[in-house]
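Biologist: I have a new model open and would like to learn how to read it. Shall we go through it together?

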Protein chains: 4
Amino acid sequence: MVNIAFTVVIFVSSYLVSIHGFRIAILGASGYTGAELMRLLLNHPETKIDVLSATDRNAGQEFKAIYPQFSYVKNLPKLTKWEESQKQIEECDVAFCCLPHGTTQEIISKLSKSPVKIVDLSADFRLKDVNVYEKWYGKAHAAVELQKQAVYGLTELNRENIRGCKLLANPGCYPTAAQLPLIPLLRSKLILPEDIIIDAKSGVTGAGRSPKESSLYCEVADGIHAYSVGNHRHAPEIEQGLSEAAQQEMIINFTPHLMPMSRGILESIYVKLSPGKTVEHLKERLIEQYQDESFVHILEGSVLPQTRHVRGSNHVFINVVKDRVPGRAIIISAIDNVVKGASGQAIQNMNVMLDLPETLGLLQAPMFP
Amino acid sequence: MVNIAFTVVIFVSSYLVSIHGFRIAILGASGYTGAELMRLLLNHPETKIDVLSATDRNAGQEFKAIYPQFSYVKNLPKLTKWEESQKQIEECDVAFCCLPHGTTQEIISKLSKSPVKIVDLSADFRLKDVNVYEKWYGKAHAAVELQKQAVYGLTELNRENIRGCKLLANPGCYPTAAQLPLIPLLRSKLILPEDIIIDAKSGVTGAGRSPKESSLYCEVADGIHAYSVGNHRHAPEIEQGLSEAAQQEMIINFTPHLMPMSRGILESIYVKLSPGKTVEHLKERLIEQYQDESFVHILEGSVLPQTRHVRGSNHVFINVVKDRVPGRAIIISAIDNVVKGASGQAIQNMNVMLDLPETLGLLQAPMFP
Amino acid sequence: MVNIAFTVVIFVSSYLVSIHGFRIAILGASGYTGAELMRLLLNHPETKIDVLSATDRNAGQEFKAIYPQFSYVKNLPKLTKWEESQKQIEECDVAFCCLPHGTTQEIISKLSKSPVKIVDLSADFRLKDVNVYEKWYGKAHAAVELQKQAVYGLTELNRENIRGCKLLANPGCYPTAAQLPLIPLLRSKLILPEDIIIDAKSGVTGAGRSPKESSLYCEVADGIHAYSVGNHRHAPEIEQGLSEAAQQEMIINFTPHLMPMSRGILESIYVKLSPGKTVEHLKERLIEQYQDESFVHILEGSVLPQTRHVRGSNHVFINVVKDRVPGRAIIISAIDNVVKGASGQAIQNMNVMLDLPETLGLLQAPMFP
Amino acid sequence: MVNIAFTVVIFVSSYLVSIHGFRIAILGASGYTGAELMRLLLNHPETKIDVLSATDRNAGQEFKAIYPQFSYVKNLPKLTKWEESQKQIEECDVAFCCLPHGTTQEIISKLSKSPVKIVDLSADFRLKDVNVYEKWYGKAHAAVELQKQAVYGLTELNRENIRGCKLLANPGCYPTAAQLPLIPLLRSKLILPEDIIIDAKSGVTGAGRSPKESSLYCEVADGIHAYSVGNHRHAPEIEQGLSEAAQQEMIINFTPHLMPMSRGILESIYVKLSPGKTVEHLKERLIEQYQDESFVHILEGSVLPQTRHVRGSNHVFINVVKDRVPGRAIIISAIDNVVKGASGQAIQNMNVMLDLPETLGLLQAPMFP
């Protein structure tokens, strides 16, 4: 235990008073983000899992029946249909929603009258403009009023709004890795808002646990391919954040690739420097922005981010590299898509919403190899 | 946080008195077991890393230069040659030795006069009979007297001897996965000591971080092969433990395979039942043996252990399965070779040696997917 | 081109007379064995693909729409429903059936009145005893009369019966790798029929292309587990072949494992030597059996078979290794499950049935790395 | 066998006169490109391998001792030191040089007086300007005169110069995948020469078989990272080809990534359209360029190239995709780096140099899965 000791000691004295911890519900617990919430919350000293809901197929089962890695954990609630547990969910302090797009709006609408705080891991409340939602998701937004209350949970850049919010829209994995480096640079006008190219590579957990041909081992192993080029639903989410930062409408190139790894996103982002600006300016700005953050790290020198170096952790590794093409720079960022790109950031946001230390339950070191 | 909360709360009150934590040295920190000790100790609330030694090539470097996943950790000591840090090591509470076979005996001999407790992750002190050592390692044992003091660290089955020991021989990865199920069954004479066949499959971390052709990505990916059949050095270690349990000299079949995964060992162990005994008798015996253990779990029903379900954790998953061949049974056990098979068990042993709660720093949940 | 030149030149003169080649139908072409038949037949100088049938979902599509690796191949027939093409299939010389169990019996019954020769890659006609079929497949055999005519296509050991047969039951992948070494040894009584343990490791193509959770990338990558222990349907197929060779009823241990590779089966087979017999006797016998074969190779010295060394080829690599346990031996065999374990052996059998050179279209070298 | 039958029949009659085939030497046969030449030449009906040279460490061994996948091949020459076989090499028709950079220039200089035609797979003769060579490789070019004779072997775009050449510089893997789509588009001025960004992802064979930490399984599996950003030696090779096509000095962005696959390169290339041009113009131009080629294929519609769909084959799959950013396009190309990116293209070039059918020995279908 090195530099994190102090933090631990600090909060320990306070959480001794909490006998049970905050009560947690996980809706849609049978997917990978549900399992990851479980993994992380088992190490969270201030929470207690009260409800685990799942689809019909899994309802009634033990959680360990679908995720045997938790065979050793005792006293977990059984999986239920969410309707059966609605009352219990409404009595929880926080409900994490890991439900499919669309379904989410409906269920959250029903829960919204109760005091339970909601951390939504779906895309349903990420887009502020409901018309953009309709355009990209092919149907009208079903909870327009709620959308206005939803707070976008890119923690490091929106912390003040997250504190005290009741409905949190947890960012997408790709948008997290893209916005963390790009927003401060656009705000500072160090890079141009034109011609931003995001070449992203993702692990397969991003496709979820539902059986589909394109996620089969043999279809993914030993190869790589681009997909959803020009029409991936994370593009408008990224553009929303960047446009706000640049104070102008932006269109970006976002090209996702699927590759044989379970976890991780690497984004190689190609940008144009504003006149007179250099790679050093960009790097200094990012260091300044994130130097007091626990999870966002600008790597020293020419060390390049690798997804495996953040695996299993809530960390973001970023570096800025000189391009041989004059006037350009390359930004590389790496996250674990299931942690900082989903369940980890969700817990980070929960911590902020509950006024707990932000790193609680999230200080596990990356696992490499 | 579910059933582990109670444990956490219990020890928290005691470790608040420890300001700095126990002082730790890691010798040979540049290998994978060194990196894994670091990963786990960063979550250990009672330790403080004082010395990191490495070979000449790496000495003088920052630890994060060779393991960039720790880029975010501040104030880690630099890598030094062990000789330069000998005095400092001798003032530590515990030294973990992750050194090559042979070298270990020499260095530990030099340290043995100081009060530092040693947890040795090499094979140098595992074999009680120095002649067996010489036969399998091709040279005379260089620390015969020390060998007599060394305690074999299969924690769950040798806990009383570990408490208070000064030189601990941490078990090999394959022997850990084999002995935990087999020793209780042999002691109880539920299985016959003849014809035990251990078909083992290991991840590639077991081969270490030294560059060699056989560990290259392209030589390991998308395939499997047996290696060291009939002459793997873990065979005598397994036989030593089993022979003692059976109270008779045993020769076993041990066939290791290398396969494309970074971490994990799965052992499919084929045994003969003692007359009149059934699979149920075996399973009951193992449940009885391990029901109060934090890390060894006999799976329910017909759930079969998977290496990925213990990945990154100190857990051992075991089950016993009926064989179609009358009079036989199949035992399957899974561990993470780098955790329970090396650095995790080393920390577990350190906890016992220092009279700390045995699970301290080791309660991270397995990481799947 | 080295030692295979001679063969090539020999048959070339004869196949020049064939203008179109033998007419081929592939039923159930959308699965992995269908795609593999395509890959191999594209290099077969004596065949011409006339019909590609698929399930409803894929019928009507171009083959390259479901297998884009064939985008460059021109003039392939479209996928049709088999009923629509029945007449055309019946006019083919050979129909490969890659259909699900059960369905196969029904369709083959309908085709059996026409002259088309059938190579069936399903398990429907492998078990000679229809009662054993019913026991393991859970329903009565629907083509009892046809079963009597079916010839089991373990080419090297049943060649004479294959020549001229009309309905060929192509062996399962696991049984192929097990029987090729074991049958000659049992016939010669060099090993005992008791206590044979087959620890098998398979790639994921064996599970087919149908979407299911257990075949998803994230469920298979970076780990291994046993499955269907004691109840895998290949067990009776293996026992049928071995019992016949040993001239006594045999029960074997067969323990399959699923591991992260696309192709390949490795079997580590643990046997007991007959009194007075040694590993050398076993190896000599196998060399004698297979020395004139093109596809079965007993490796020299202590070289151990690796699945990646037969990848993409119809070869079988086998070696016999001394066990430290007296009186025992270890046999290791490796095949590509999609080639020698399915589509390659199917073509090999077709070649025999059509009186073509047995190696035609199958001389591609293994692909490593 | 479908559309390739005709080709086969055509050349068969001619190669019957060749009794032994052209005599081939492979220098540096112990690396992956050497093994791949062997794999492909074993299927080449017009060649005969006479010499296999290797470094000191491997000289004297059987080829199958270092590549056991060839255990079944008889009569291969033993590995020798190249000096011992110099005379024999000089009597060969073609020598493939798979030697390290630098060494190559020296050895080829010595061979250059003999009539043996040389296909050099190193980078030593790819850069026409010896000053650029010196700048990027850190030492003066040692064979300046030979450099002038060397012909760059991007077969489809330089076929006429290759025919009859004596020293062929086989292109690098990354440059092959980049130049095939970009050169025709630059020549036709359909895209602008500014701001071309090549985001490339490579399999690990590209790093060779020499043991190094960065190529170890555990360092590569389950992750991705960029490397050599801004200073990869393939950048000047790409720029040389593109500059010539654009008839102006070009600087490009080339960002290679290493990822967990054995074979394959995928390049996502971001370009700016010339004023008034569209994605359709680009695609039409590429179709026109390559419609009669056997190995370069522009995919239909929106099918995106995948590395696994060209695995093991000499094919190149390319498509052009609309970018959401106005005025831009995305070109994606996939090759097998060991085949079209090295040994396959080397054989294709040899075929041209020897006036053989260009596809000879190269018609194996891609292997997927």
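Modeller: Gladly! Let's begin with a term: a nonpolar core is a set of buried Ala, Val, Leu, Ile, Met, Phe, Trp, Tyr and Cys residues joined through C-beta atoms within 7 Å. Keep in mind that this model is predicted.

Biologist: Which residues have the most contacts inside the largest nonpolar core?

Modeller: In soluble globular proteins, nonpolar side chains tend to be buried together. Here the largest core has 476 residues, and those with the most contacts inside it are Ile26(A) and Phe96 of chains A, B, C and D. Setting aside neighbours within four places in sequence, Phe96(A) touches Ile26(A), Leu27(A), Leu37(A), Val119(A), Leu121(A) and Ala346(A).

Biologist: How many residues of chain B are in contact with chain A?

Modeller: On the chain B side there are 44, meeting 45 residues of chain A. Helix H1 (5–15), helix H2 (32–41) and strand S2 (47–53) of chain B each contribute at least two residues to that side. By type, the chain B side has 25 nonpolar, 15 polar and 4 charged residues.

Biologist: What rotation superposes chain D on chain A?

Modeller: One of 180 degrees, with 0.0 Å of shift along its axis and an RMSD of 0.0 Å. That is the relation of a two-fold axis. In chain D, the C-alpha nearest the axis belongs to Pro260(D), 3.3 Å away from it.

Biologist: Where in chain A is the pLDDT below 50?

Modeller: Where pLDDT is low, the predicted coordinates should not be read in detail. Chain A averages 94, and 95% of its residues score at least 70, but over residues 1–19 of chain A the pLDDT is below 50.

Note on methods. Residues are numbered from 1 along each chain as its sequence is written. Chains are lettered from A and ligands numbered from 1 in the order in which they are written. This is a predicted model: local features need pLDDT of at least 70, side-chain atom pairs count only at pLDDT 80 or more; totals for chains, interfaces and linings use all residues. Copies are superposed by least squares on the C-alpha atoms of residues with pLDDT of at least 70 in both. pLDDT is the predictor's confidence in each residue, from 0 to 100. Two residues are in contact if their C-beta atoms, placed from the backbone, lie within 7 Å. A residue is buried if 20 or more other C-beta atoms lie within 10 Å of its own, exposed if 12 or fewer, and partly exposed in between; C-beta atoms are placed from the backbone. Helices (H or I, at least four residues) and strands (E, at least two) are DSSP runs, numbered from the N terminus. Ala, Val, Leu, Ile, Met, Phe, Trp, Tyr, Cys and Pro count as nonpolar, Asp, Glu, Lys and Arg as charged, and the others, Gly among them, as polar.
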